Amino acid sequence: MTTSEYSSITPGDLAIDTLGPARITSPLAPLLDARRTTEHYVDAGDRVLLDDTAAGIRARGVEPEELPGLEPCGPRRQIYFDPSKTRAGIVTCGGLCPGLNDVISGLVRTLTYHYGVRRVVGFRNGYRGFVSSYGHDVVELSPESVRDIPVDGGTFLGTSRGPQDPEEIVDCLEQMHLNVLFVIGGDGTMRGAMEIARVVGERGLRIAVVGIPKTIDNDIPFIDQSFGFQTAFSQASEAIRSVTVEAKSTPGGVGLVKLMGRHSGFIACYASLVRSDADAVLIPEVPFELDGETGLLNHLRRRVSQRGHAVVVVAEGAGQEMLPPVGRTDASGNAKLSDVGPWLKERIADSFADAGMETTVRYVDPSYIIRSVPANPYDSVYTVRLSQAAVHAAMSGRTAMVVGRVRRRFVHIPMSLAVSRRNQVDPHGDLWMAVLESTGQPWRFGEDSGAPTRAPHT
């Protein structure tokens, strides 16, 4: 997001909805008595400023107290819900992502151990679990039942895609006398959660709806990183390593890896930086051309001539402008993409054959392997902290919001803001520059390359 786009956000845009005044003393209040704002902690009454540059602050031209800030996460001394009478529900929706089970486990433990909530239930198979026509039972959740689930990938509760009627979902919440709903999912899931919160408000119910945003593509705006992303690019880097070994082991070998990233190329960028094996990284944010002196294919032929092999990393959403549209959508309403991997493999092979050069193209698509693995230690810690923050927010009566981390601070973000745009790799930012330095590729492949190709790495 540019400075001008940030400057259009007002303090009101960052305000968090609540169900009402918090009048109940929290069981965690004794832990808070000695705390104060430090470089590691922000008090509940403080704010995490949205702007983190002098230019951003100057662009507003306002007094410091008028700068927009995000509400910090953490336990409050006074809470809205009486823990002894609170019932909570958890649902996971959308595609798989490393860390889903860690979030479920963290929510259950925090609700039970720290607040004394006596009933926590899980809904099976996403939003379908609320709708009677599907016939799914609910899962009674306890610290014992979720103790070992983080060792497995996927989601203990199951998941599904596609919208369900928010009126039916709220009917279910009412019938089960639930006070809090934790929703774990991506963009479409959070839009569904906003509809649930809307219906809750229209009916005058006191039910908090709190989201823990999930996307393997790391495309949620404002937050530093989504959970599971570090695990994902770590696994992706292993695929790049494997295909590099294959490419080096055959005459004129070319390795091609397709990674997840429909609209955002973060996994491709980060994974390619782990070992710096890639000679070209292709992402949706930077269009590329295949042919011509400055096109991708000529770049690969030069690399193979210079050092005997080449490696290409492509995000699944890259190059779609050159492929025939599929013309269909998935259950979540996302446009289905043409498969860039096999198409690019064929074009590379044909290009080498036309140039009279020997090559073998090794193609790897590790998408489902990447998203189905358990979280690594970093993401396991991150999910625990996110789940704790979500419980603290819900118990204090906050609703229609998500939790996330912004510049090392855990904060509350309105759901409407979290789905307002898609986080993407900035073609003029330092991440893309780091990729260009690592691969030696031009700013973009094509006539508008912007700069000469850098010397190939060894």
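In this predicted model, R198 forms a salt bridge with E195, and the closest N and O atoms of the two side chains are 2.8 Å apart. Both residues belong to helix α7, which covers residues 187–202, and because they are three residues apart in that helix, about one helical turn separates R198 from E195. R198 counts as partly exposed, since its relative accessibility is 34%, and E195 is also partly exposed, with a relative accessible area of 34%. Side chains of opposite charge can pair when their charged atoms come close.

A second pair joins D277 to R275, with the closest N and O atoms 2.9 Å apart. Here D277 is buried, because its relative accessible area of 12% falls under the 20% that marks the limit for a buried residue. R275, in contrast, counts as partly exposed at 46% relative accessibility.

A third salt bridge is formed by R307 with D279, and in this pair the closest N and O atoms are 2.3 Å apart. The pair links distant parts of the chain, for R307 lies in helix α10 while D279 lies in the loop between α9 (266–275) and β12 (280–282), and the two are 28 residues apart. R307 is partly exposed, with a relative accessible area of 26%, whereas D279 is buried, with a value of 0%.

The three pairs can be set side by side.

| Salt bridge | Closest N and O atoms |
|---|---|
| R198 and E195 | 2.8 Å |
| D277 and R275 | 2.9 Å |
| R307 and D279 | 2.3 Å |

Salt bridges can also be joined together, as in the network that links E167, D171, E174 and R203. For the whole model, the count comes to 23 salt bridges.

Helix α10, the element that holds R307, also takes part in a packing of helices. This helix, residues 296–307, packs with helix α11, residues 340–354, at an angle of about 60 degrees, and the axes of the two helices are 10 Å apart. That angle makes α10 oblique to α11, and the crossing of the two helices is right-handed.

Which residues of α10 and α11 meet? On the side of α10 they are L296, L297, L300, R301 and V304, and on the side of α11 they are L344, R347, I348, S351 and F352. Sorted by character, the residues of this contact divide into seven nonpolar, one polar and two charged.

Key: Residues are numbered from 1 along each chain as its sequence is written. This is a predicted model: local features need pLDDT of at least 70, side-chain atom pairs count only at pLDDT 80 or more; totals for chains, interfaces and linings use all residues. Side-chain values use heavy atoms; hydrogens and water are left out. Axes are lines fitted to C-alpha atoms, for helices over the stretch in contact, and angles run from 0 to 180 degrees between N-to-C directions. Helices (H or I, at least four residues) and strands (E, at least two) are DSSP runs, numbered from the N terminus. Angles under 35 degrees count as roughly parallel, over 145 as roughly antiparallel, 65 to 115 as roughly perpendicular and the rest as oblique. A crossing is left-handed if the near helix is turned anticlockwise from the far one by less than a right angle, and right-handed if clockwise. Contact means heavy atoms within 4.5 Å. Ala, Val, Leu, Ile, Met, Phe, Trp, Tyr, Cys and Pro count as nonpolar, Asp, Glu, Lys and Arg as charged, and the others, Gly among them, as polar. A salt bridge is a side-chain nitrogen of Lys or Arg within 4 Å of a carboxyl oxygen of Asp or Glu. Buried means under 20% relative accessible area, exposed over 50%, partly exposed in between (1.4 Å probe, protein chains only).
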